[in-house]
Structure formats: C-alpha cells, structure tokens
Amino acid sequence: MAKSFAVIGDPIDHSLSPNIHSAAFREMDLDSSYIAYRIPKGELDAGIAGLKKIKIDGFNITIPHKIEMMKYLDKADESCSLIGAVNTVSNEKGILMGYNTDMDGFLEPFKKRELDVADSKVLLLGAGGAARAIVAGFAKEKAKSITVANRTLDNADNLSGFARSIGLDAHAAKLGDADVRNYDIIVNATSVGLGNEQSVISLDGITGETIIYDIVYMPMNTDFVKKAKEKNAVVIYGYEMLLGQAVRAFEIWHGMKAPYNAMKKALLGGF
Ligand code: ATR
C-alpha cells in the first residue's frame, strides 16, 4: 500500500527533507510520498489532528515544534525522553511513537570517519534545542569533558546542568571566554552562519588535529568552516548531520537500510 510522510514546521518551504526522502523512495522503488507541511506556532493541535485523519505513516518535526510535539506522543523512545524533544514520529494505527534522530545523526559523521569521541575535550558553542541533542550525543559516546559557551550565560548554565545530570564533566562559559587551544572538538550549534555572518569565535590557535563541526548546513562553507580550513583542521559539515538524521528516520519508518549515497546526492543537489 502507498505510504505517506511529511515534515512539519514553520518556515518549511526551504526544507531539504522532501528531496532527500523522495530520492530514497525512488532508489528503493518504494510507493511512498513525502511532503512539506507548514504548521504555524500555536496550531500544532489542529495540524496533528489533520495528519492523523489522513493516516500519515510518519513525519519529521522541525522548528518551532520539536519540544511541544512531545505532548502529542503516545510513546517516546529513550533519546527522545532524554532530550525532551522529538524530530521523528511513526504512526502505527493512530498510535504516535516519537524518536529523536538528531542525536545519532550528529554522531554519524564521527563514525563514518572513524573518529573517536570518547575521552575528547569538547567546546560546544550555543545552548539551544540543537545543542541539547548534541550534549546527549557526547554523553552517549563518553566524551571526557564539555564546555558550553553561549551568548546568554544563563542558557549555558542550564545546558551544562543537563550535561552533568547525564554524566558529563561540564562547565558553562560566555562566548569568547573559551580558549580554543584547550579542545579536541569544537562544535558550532548556534544559528550564526545561516546568514553568512562571521563565526562566533576566532579559531586562532587550533591545530590540524582539531575537529571543527558546524551544524549550520546552509551555506555549506560558513565562515566558521572557512576558518577551520585555513588551519587545516578536520572539518565536519552541517549537511552531514542533516543527512544522518534523515537516514535514521528512513530506517525507523521503512525497516530497511537507507540508500545513503542516493540521499546524499539529493541533498547536495539542493545547494
Ligand atoms: P536551535 O533549535 O537551532 O538550537 P535555538 O534553540 O533558538 O535554535 O538556539 C539558538 C542558539 O544560537 C542559542 O544558543 C543562541 O544564543 P542565546 O542563548 O544567547 O540566544 C545562539 N545565537 C543566536 N543568535 C546569536 C548571535 N547573533 N550571536 C551569538 N549566539 C547566537
């Protein structure tokens, strides 16, 4: 039987998820479709009722609904409950099951490159929703320590409290107060870069061993990534996390290995 999927959020018209999943359906010869569905903030209730009515088989959730969506779930997997946010739902005869594939999606590029996260010292820039899933990922992989540096210190304090609660040695700092030379991995999880802005910190002092990961995927070469390349650092691009979370969602919905290369090609074609 034909299956239908969607991504919900607002704004949603520039979402690359329909391209990525449609390419996977074609590659695997699946009779499925995937659409972008705009649900404005405050209208999630009616939106979810509509999706249930058309018996949607699954959907992804993006800004601004990842946290609020939690209360519409009938069941939530471990990562979802831990992070307190959901980005993937499967609908089994009206029962909504939630997953958070952002965490494993974030970790995927480390695995692909065979980079060991265990025992590394991490500097995380930003303390919003995306940063929270990333903290959970570093806890899962047993990083040695994490410094959460953020524009608003209160938010950094909150997130480092969460990090400690799940077993990480965590500290909070103001953006700019962290010394980049002290870290093995530096992640930009702020939204800065999306509008081609300058990186939130200088990368002077990093080495060719430092892993620099920007979760901003558009543009692909943010100022942060360019600065990392100037230092010959190991670069992980934001599109890789996007692809990682989509691959996991595909596998949850279809119960088969995702066609990674076809999905990557579709994603990069969107740039
Ligand atoms: P997301 O879901 O993408 O993580 P978010 O929850 O709104 O989005 O978080 C955005 C992050 O980017 C926050 O850490 C925010 O810092 P504040 O906590 O101080 O708001 C950070 N951010 C956004 N604009 C920024 C800017 N111009 N300079 C520095 N940090 C910025």
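This report walks through the nonpolar core, the aromatic contacts and a surface patch of the structure above. Please keep in mind that the model is predicted.

**The core**

Let us start inside. In soluble globular proteins, nonpolar side chains tend to be buried together. Here, the largest nonpolar core is built from 37 residues. Those with the most contacts inside this core are Ile 20, Leu 123, Ile 186, Leu 203, Ile 212 and Met 263. Two strands are listed among the elements that give two or more residues to the core, β1 (3-9) and β7 (121-125), alongside the helices α1 (17-28), α7 (223-230), α8 (238-254) and α9. Of these, α8 gives the most, with 8 residues.

**Aromatic pairs**

How many aromatic pairs does the structure hold? There are 9. Two of the pairs share Phe 138, and the table sets their geometry side by side.

| Pair | Centre to centre | Angle between planes | Type |
|---|---|---|---|
| Phe 106 and Phe 138 | 5.4 Å | 75° | edge-to-face |
| Phe 110 and Phe 138 | 6.3 Å | 65° | edge-to-face |

The Phe 106 and Phe 138 pair links distant parts of the chain, with Phe 106 in helix α4 (residues 102-112), Phe 138 in helix α5 (residues 129-140), and their positions 32 residues apart in the numbering. Phe 110 also belongs to helix α4, so its pair with Phe 138 in helix α5 ties together parts that are 28 residues apart in sequence.

Are these rings buried or exposed? Phe 106 counts as buried because its relative accessibility is 0%, and buried means under 20%. Phe 138 is likewise buried, because its relative accessible area is 0%. Phe 110 is buried too.

Elsewhere, ring pairs join Phe 5, Phe 25, Tyr 34 and Trp 253 into a cluster.

**Charges over rings**

Two basic side chains also meet aromatic faces. Lys 112 lies over the face of Tyr 260, at 3.7 Å from the ring centre. For Arg 132, the ring is that of Phe 162, and the distance from the ring centre is 3.9 Å.

**A patch on the surface**

Finally, to the outside. Which residues form a nonpolar patch on the surface? They are Leu 194, Met 218, Leu 268 and Phe 271, which together have about 330 Å² of accessible area. One of them, Leu 268, is found in helix α9 (residues 260-269). Leu 268 counts as partly exposed because its relative accessibility is 30%, and partly exposed lies between the cut-offs of 20% for buried and 50% for exposed. Helix α9 is also among the elements that give two or more residues to the core.

Notes: Residues numbered from 1 in each chain as written. Predicted model: local features only at pLDDT ≥ 70, side-chain atom pairs only at ≥ 80, totals over all residues. Heavy atoms only, no water. Patch = residues over 30% accessible without salt bridge, like charges linked within 9 Å, V, L, I, M, F, W, Y side chains within 5 Å. Areas by Shrake-Rupley, 256 points an atom, 1.4 Å probe, with all protein chains shown as cover. Salt bridge = Lys/Arg side-chain N within 4 Å of Asp/Glu carboxyl O. Helix = DSSP H or I, 4+ residues; strand = E, 2+ residues; numbered from the N terminus. Buried < 20%, exposed > 50% of the residue type's maximum accessible area, 1.4 Å probe, protein only. Phe/Tyr/Trp six-rings, centres within 6.5 Å; stacked < 30°, edge-to-face > 60°. Lys NZ or Arg CZ within 6 Å of the ring centre and 35° of its normal. Core = buried A, V, L, I, M, F, W, Y, C linked by side-chain atoms within 4.5 Å.
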